[in-house]
Amino acid sequence: MVKLSEEMKTAFSKVKIFPVATASKEGVPNVVPIGFCQLVDDGTIWIADNFMVKSLANLEENPNLAIYVWGPETGGCFQIKGKATIIRSGEKFDKMKVIVNTAKPGLPAKTLIEVAISEVFQCAPGLAAGKKLL
């Protein structure tokens, strides 16, 4: 498992909405804005599924996803790639549901998507664009 650097973790903490990309097993892409995306440790991200339809169907067929990290305060941008595990019950699911319902009461928090970070790439323009960072 890849572990994010302190700089990457700081940038991640400043983003409010994360574009999350998935693809079906046939390779049909889908990108959605996700507001509940939390770094739980240096190598794991939790995504709360409140309204996912295509993305969740894609992850059930193909667990690979990408998360774009950028915002005016981040000082740069990067792409995180990882493998998702779908969690619908248990301790982790219950914890995610409390986090979501505390922040936004009434949201369904239907599914926890746990992402094991596998790679990180540079997204800033220039000679290093697309370079693998981790």
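## An aromatic pair

Rings of Phe, Tyr and Trp, taking the six-membered ring of Trp, are said to pair if their centres lie within 6.5 Å. In this predicted model, that rule gives a count of one aromatic pair. The two partners are Phe12 and Phe18, whose ring centres are 4.6 Å apart and whose planes meet at 35°. Planes under 30 degrees apart count as stacked and those over 60 as edge-to-face, with the rest called tilted, and the pair of Phe12 and Phe18 is therefore described as tilted, with its angle of 35°.

Both partners can also be described by their accessibility: Phe12 has a relative accessible area of 4% and is buried, while Phe18, with a relative accessible area of 1%, is buried as well.

## Strand β7 and its partners

Strand β7, which covers residues 111–122, runs antiparallel to strand β4, residues 44–49, and six bridges join the two. Within this pairing, Asp49 stands opposite Thr111 in β7.

Strand β7 is also joined by 10 bridges to strand β6, residues 77–87, and this pairing is antiparallel too. Here Gly82 stands opposite Ile117 in β7.

## Ala48 in strand β4

Is Ala48, a residue of strand β4, buried or exposed? Its relative accessibility is 8%, and because buried means under 20% relative accessible area, Ala48 counts as buried.

Leaving aside neighbours within four places in sequence, Ala48 is in contact with Phe36, Met96, Val100 and Thr111. The C-alpha atom of Ala48 is separated by 8.4 Å from that of Gly35, a residue 13 residues apart from Ala48 along the chain.

Notes. Residues numbered from 1 in each chain as written. Predicted model: local features only at pLDDT ≥ 70, side-chain atom pairs only at ≥ 80, totals over all residues. Heavy atoms only, no water. Pairing = 2+ DSSP bridges. Helix = DSSP H or I, 4+ residues; strand = E, 2+ residues; numbered from the N terminus. Buried < 20%, exposed > 50% of the residue type's maximum accessible area, 1.4 Å probe, protein only. Contact = heavy atoms within 4.5 Å.
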